[in-house]
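Thank you all for making time this morning. I would like to walk through one structure with you, taking the confidence scores before the ligands and the folds after them.

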Amino acid sequence: MALTGIQIFKMTPKKNCKECGSPTCMAFSMKVAQGAVDISACPYMSEDALAQLSEATAPPMKTIKIGTGDNEYSLGGETVLYRHEKTFVSKTRYAAAVCSCMDDATVDAKLAAVSAVDYERIGERMFTELVYVNFAKDTDASKYVEIVKKAAATGRTLVLGCKCPETAKAALEVCKDGKPVLNGADASNYEEMSKIAAEAGVVLGVSGASLDELYDTVAALEKLGNKNLVLDVTMGTVKDTFEAAVAVRRAAIKDGDRTFGYPSIVNLVPLADGDKAMEEALAAAFTMKYGSIVVVSEMDYAMALPLYGLRQNLFTDPQKPMKVAPGIYPLNGADENSICLTTVDFALTYFLVSGELERSGVPCNLLISDAGGLSVLTAWAAGKLSSTSVAKFIAEQVEDKIKSRKLIIPGKVAVLKGDIEAKLPGWEVIVAPLEAVQLVKFLKDMQANGQL
Amino acid sequence: MPFNRKPQKFNASIKEVEIGCGDKAVKIGGANVFPFYSFDGTVGNAPKVGVEISDMGLEHEPEGVKAYYAGATTMAEIAKKAAEMPGADFVVLRLEGGDPNGANKSVEELVAVAKEVADAVDAPLVVEGCKNVEKDGELLPKVAEALQGKNVLLMSAKEENYKAIGAAAGLAYNQKVGAESAVDINLAKQLNVVMTQLGVSADSVVMNVGTATVGYGYDYVISTMDRVRAAALSQDDKMLQMPIITPVASETWAVKESTASEEDAPGWGPVEERGVSMEVQTAAADLVSGSDAVILKHPQSVATISKMIKELM
Ligand code: B12
Ligand code: SF4
């Protein structure tokens, strides 16, 4: 429970020495209660008081770190249930799955495919961050360890899905330095598993046949002193898994129930049961609804392109539009005689349009005017992209630097053509197709027709 | 100590709206909890899946869509097949050809298409305009008149043309009205306020609060739907309790991920698989954010999303 200013005040030494930057201990306490300053700003708090306070002011959901080096990821640490309340902090991470129930060739092919998806979108690297290595019942433990070894060789952080203590121990022997997750504790084995995870210094994944069982097991593990956990909320059905994913997150954040204050794992492999499109739909649903790690059978481009786009949108700061600086961007070795194209300063639009222009290989100048960081149609509807704004920008900042007098405008604002031409004597305005992806063909056709 | 469940109960619910007639009629809305939170209370009617067809025919459709409609040539035949698509709950006719900057078909011609489609199917029908506000303001009232008695939903009544569309669909011809706003809770509410002031019953309105493809400004779609649903339930805001319908296909099949050929995007794999994935992922995200109906077009997407809804209900 959060403490009030008065409760905190009672714990201060009441010296009013101002060293914390506040005029009085009371003022300081009020600020701490609001979360405006940290208790550590007062050098005179007793150990006891600090312990009590850190417990009370701890975030509702723990931040759990997995992996090492470049492959270290923070999970959890969220403070809200909806992105409009405050920015979500720890992105969903995706794991591709292999299993000891697969033959060697399949495992090798799947592991090779892990590196297939790797691209950049608006400055963010998109790739399969994790590999889930499942130990199926009645399969050979030494085979499992071999697969773990191979999976570790991909350089990805591992999640070991293994409920057998001996096998888990052997597997950790070969991969614990990479700080994998050992997803293997349940009501029947948690004591032993907790010991194994603690010895190896790795995060322990906990599962349960029901929410109640999961809750009890987590409570028991915390009693043993293990708070380095993630909760596998995968239940027998999609419906029950959805409930578990929501219930765990909501209990921690809305109801302050710290027992459920951990990141989650949702394993889609059993839920989608080989239905690829279903798995894609569920991956999106559980990215939205609180999966910290989402396990898929394979991450290919069809799965990744929408999913990483969704994640990027979900985890952006709702207060900050992503903008690029207005100006002239010469592409593909363009000079002052190269044709001009224009678009808005919304980072996503810039990224999509410049990407296609680069792909075309045609030298051109991309002119970005200040459109308030809005998309083409939004800016147009808001009056921030108009014939006046474009003409003004070109007259003031382009005409003395660029000799070409051909301007290509986005197809979605084709209506601006006449007015821009009227306001910019000497310029020829050409309407481009609606979507950036059509630019490559459009420019190549222009080139072939000698229009450039 | 067992897990102490604290269900989120609300003394408010989403309105229920019926589209279509007879045994094929569908109801959307009715929930008094967040989307699919059946563990909290009543989820109301299962979200519904609409299948989009266009007066422009099939020429520009992806291969899998063309293949599904193979043999169908008239709009009536296409509509029949759409209604029979496994997982489909209703049919959506988009009158794209009306766009003055496109094919610019006449109102009469488009009304005839709407009639042909409405007569061919007994599934509930949703009619979307061409997005041009003036043309839609003319066209949709005429469609509303021509389809009297069918209880259709006429989409795309916006701030600029709601009077014409609302008065015809909602008042004169007793149809349902789709109120479209641009990804902003206040705009959505404002439109419902003026629509009801016009005299349209709040129970005859379905909202399209704005839509985008995942990755393309979709952050605003999530937050708009989250906030609309929260205001409807926790603040009992009557002007935000209309069910939400989201056109998905018309957005997702236009973006690069769904259209770039394999030569143009080496390594990305079959274009159709990417298109389906774009469509199902956007639809799934819309549904968990609060859409009561989604509009799709690929048979595989329709089957998948209707299966996902069943599994979540
Ligand atoms: C997110 C969004 C918003 C966000 C803005 C986020 C942002 N940074 O832009 C917010 C919520 C703020 C918003 C507000 C408004 N919005 Co808005 N919004 C959208 C939404 C859902 C997505 C926009 C987006 O991000 N698109 C993605 C980007 C990448 O698209 P893009 O810039 O167009 O770029 C593509 C192409 O144009 C092309 N391209 C771009 N440049 C170039 C250049 C060349 C040469 C070529 C070839 C191609 C090309 O490449 C890109 C990919 O192909 C759209 C609906 C939709 N689905 O599109 C409505 C939409 C654009 N909004 C709309 C409206 C009306 C508004 C408001 C005016 C509403 C109001 N009355 O207040 C306000 C205005 C803002 C203000 N007053 O400040 C309308 C516009 C209607 C119209 N046809 O004019 C839309 C279409 C929704 C609708 N159907 O009603 N909006
Ligand atoms: S530093 Fe500590 S003791 Fe000094 S005024 Fe601040 S709170 Fe009081």
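What follows is a short tour of the scores, the two ligand shells, and two sheets of chain A.

Let me begin with the caveat that this is a predicted model, so that everything I say about distances and angles is to be taken as computed from that prediction. The model scores an ipTM of 0.95 and a pTM of 0.92, and for chain B the average pLDDT is 95, with 100% of the residues scoring at least 70.

Now to ligand 1, where the shell is made up of 36 residues, the closest being A:Thr343, A:Thr349, A:Ser375, A:Glu435 and B:Thr211. Because the residues that surround ligand 1 come from chains A and B, the site is shared between chains. In terms of character, the shell around ligand 1 divides into 23 nonpolar, eight polar and five charged residues.

Which atoms of the protein lie 2.6 Å, 2.7 Å and 2.9 Å from atoms of ligand 1? The 2.6 Å distance separates a polar side-chain atom of A:Thr343 from a nitrogen atom of ligand 1, while at 2.7 Å a backbone N or O atom of A:Ser375 faces an oxygen atom of the ligand. Chain B contributes as well, with a polar side-chain atom of B:Glu251 lying 2.9 Å from a nitrogen atom of ligand 1. As for the elements that give two or more residues to this shell, they are strand 14 (339-343), helix 13 (347-360) and helix 14 (376-381) of chain A, and helix 14 of chain A provides the largest share, five residues.

Two of those elements take us straight into a sheet. Strand 14 of chain A belongs to an open sheet of five strands, in the order 13-15-14-16-17, with mixed pairing. Strand 13 (327-331) and strand 17 (428-431) of chain A are the edge strands, each pairing on one side only, and the twist from one strand to the next averages 30°. Strand 17 of chain A pairs with strand 16 (residues 406-409) of chain A in the parallel sense over four bridges, and within that pairing A:Leu407 has A:Val429 as its bridge partner. Helix 13 of chain A, which we have just met in the ligand 1 shell, lies across strands 13, 14 and 15 (364-368) of chain A and runs at about 175° to strand 15.

The other sheet in chain A is a barrel, closed by eight strands in the order 3-6-7-8-9-10-11-12 with parallel pairing, and here the twist averages 25° from one strand to the next. As an example of the pairing, five bridges join strand 6 (residues 130-134) to strand 7 (residues 157-161) of chain A, where A:Val131 stands opposite A:Leu158. Packed on this sheet is helix 11 (residues 276-288) of chain A, which touches strand 3 (93-99), strand 11 (264-267) and strand 12 (293-296) of chain A, its direction making about 175° with that of strand 12.

Finally, what surrounds ligand 2? Its shell includes A:Cys17, A:Cys20, A:Cys25 and A:Cys42, along with A:Phe28 and A:Pro43 among others, and the shell divides into seven nonpolar residues, one polar and three charged.

Methods: Residues are numbered from 1 along each chain as its sequence is written. Chains are lettered from A and ligands numbered from 1 in the order in which they are written. This is a predicted model: local features need pLDDT of at least 70, side-chain atom pairs count only at pLDDT 80 or more; totals for chains, interfaces and linings use all residues. Side-chain values use heavy atoms; hydrogens and water are left out. A residue is near a molecule or strand if one of its heavy atoms lies within 4 Å of it. Ala, Val, Leu, Ile, Met, Phe, Trp, Tyr, Cys and Pro count as nonpolar, Asp, Glu, Lys and Arg as charged, and the others, Gly among them, as polar. pLDDT is the predictor's confidence in each residue, from 0 to 100. A polar contact is a pair of N or O atoms within 3.5 Å; within protein, one must be able to donate a hydrogen and the other to accept it, and residues adjacent in sequence count only if both atoms are side-chain atoms. Two strands pair if DSSP finds at least two bridges between them. Axes are lines fitted to C-alpha atoms, for helices over the stretch in contact, and angles run from 0 to 180 degrees between N-to-C directions. Contact means heavy atoms within 4.5 Å.
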